[in-house]
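Hi everyone, thanks for coming. Let's have the picture up on the screen, and then I'll walk you through the strands.

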Amino acid sequence: MKYFILLAALLFPIHSTAQTAPPRVSEPQHVVVDSKDNVFATLKYGIIKITPDGTLINITKVPGVIGPLDRIWRNLIIDSKDNLYANDGNLIYKITVTADNKAIAKIHAGQQYTYRLEDGPISTAGFNIIDLMTIDKHDNIYLVDSYDKIKATIGDNFVTDSYYKNDPAKKFLKYSAHYSVIRKISANGMVSTLKTPDGKYILPNDIDGIAIDDHGDIVYAANGFARFIGKIDLTTGSFSSIAGQPYKREWCPVYTQGAISQAEFVSPETIITNKGGEIIFTDQRLHRVIKIANGKVSTLAGNNIIDPCGQNIGGRAQEGYKDGKALTALFNFPKGIAYDSKGTLFIADMSNHCIRKLSPDGIVSTFAK
């Protein structure tokens, strides 16, 4: 009898019609924390709010939403009054979330259906393709915009990092420049494109993460073949390297901790600074959160096994998921990071479909999934 049951199961397998519920935190990418320690994160589509006790609210689906929230947001930042700003292409939306979790989203900057680089009052200024955004303590917004609309007119009237532009040993790089302009939306509502005192455009190359440090200057993560953390002095427009080996390795990158002069990265991306002046960023392909402090580079969280070059010449670590001590935890393409008032670091663990948190005492746990 058992034989016939087994044979029937093999010949006529039963296919379950049960559907796996989609993750509530689907592909989180950007994360911010407000003054009350509520966490906001962008999903594949929409925005969620997570209260300090872990209650998850999809504000995209709360009745009474005004404006378009159910979309792919390229960035998410927050000002000193807890207003959120997110962009979709060349439009920046200001999103206010009420006490009863209703969201009001209105266009803050940019012109619908018009892609252009135009400075001036925020009501008429234009943007092309906004890739990155950050905000300083005075609520001035800085953003990275494509310079395609003006490249024919500015010619060589720009400055960029010297590691890229002046290194003849890296001739192949001249074919792979990915320049961007940096725009500023002042708290008083004026938009400007940043230039040096003598009028040259400031064009970072291969920029993939941006933040403002305590001095009001830009710190940025350079990705692609660049693989370093840099700084732009907004007074002079000069570029400098903070850590990493700019353009050292086209393929087979390595991860090296220790002195900033010797450190190397694979794919630095989202970057922030904390109250202590430390620089924190995610290296997506290594699945790690990395810290730069006191002249040294160290892993803050993550211990995924790094594949040998022969397995992935672009550099890659194996995906994973594991809570626990920071240096044993595993991630799967971590992206956005943000601190709360208690020094807890929240991490958008994108491909694990969850928000993780790193406590001040060095423990990683899953905050929402």
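So, in what order do the strands of this open sheet of four come, and is their pairing parallel or antiparallel? Please keep in mind that this is a predicted model. Reading across, the order is β1-β2-β3-β4, and the pairing is antiparallel. Now look at the borders: β1 (31–33) and β4 (56–58) each have a single partner strand, so one side of each has no neighbour in the sheet. On average, neighbouring strands here are turned by 20° against each other, ignoring direction.

Let's zoom in on one border. β1 is joined to strand β2, residues 39–42, by three bridges, and the two run antiparallel. If you'd like a pair to find on screen, look for V31, which stands opposite A41 in β2.

In case you're wondering what links strands like these, strands of a sheet pair through backbone hydrogen bonds, either parallel or antiparallel.

Now for the other open sheet I want to show you. Four strands form it in the order β5-β6-β7-β8, with antiparallel pairing. At its edges stand β5 (75–78) and β8 (103–109); each has a single partner strand, so one side of each is left without a neighbour in the sheet. The average turn between neighbouring strands of this sheet is 30°, again with direction ignored.

And which strands do five bridges join? Those are β6, residues 84–88, and β7, residues 91–97, and they run antiparallel. To locate that pairing yourselves, start at N87: its bridge partner in β7 is I92.

That's my tour, and I'm happy to go back to any of the strands.

Definitions and conventions. Residues are numbered from 1 along each chain as its sequence is written. This is a predicted model: local features need pLDDT of at least 70, side-chain atom pairs count only at pLDDT 80 or more; totals for chains, interfaces and linings use all residues. Side-chain values use heavy atoms; hydrogens and water are left out. Two strands pair if DSSP finds at least two bridges between them. Axes are lines fitted to C-alpha atoms, for helices over the stretch in contact, and angles run from 0 to 180 degrees between N-to-C directions.
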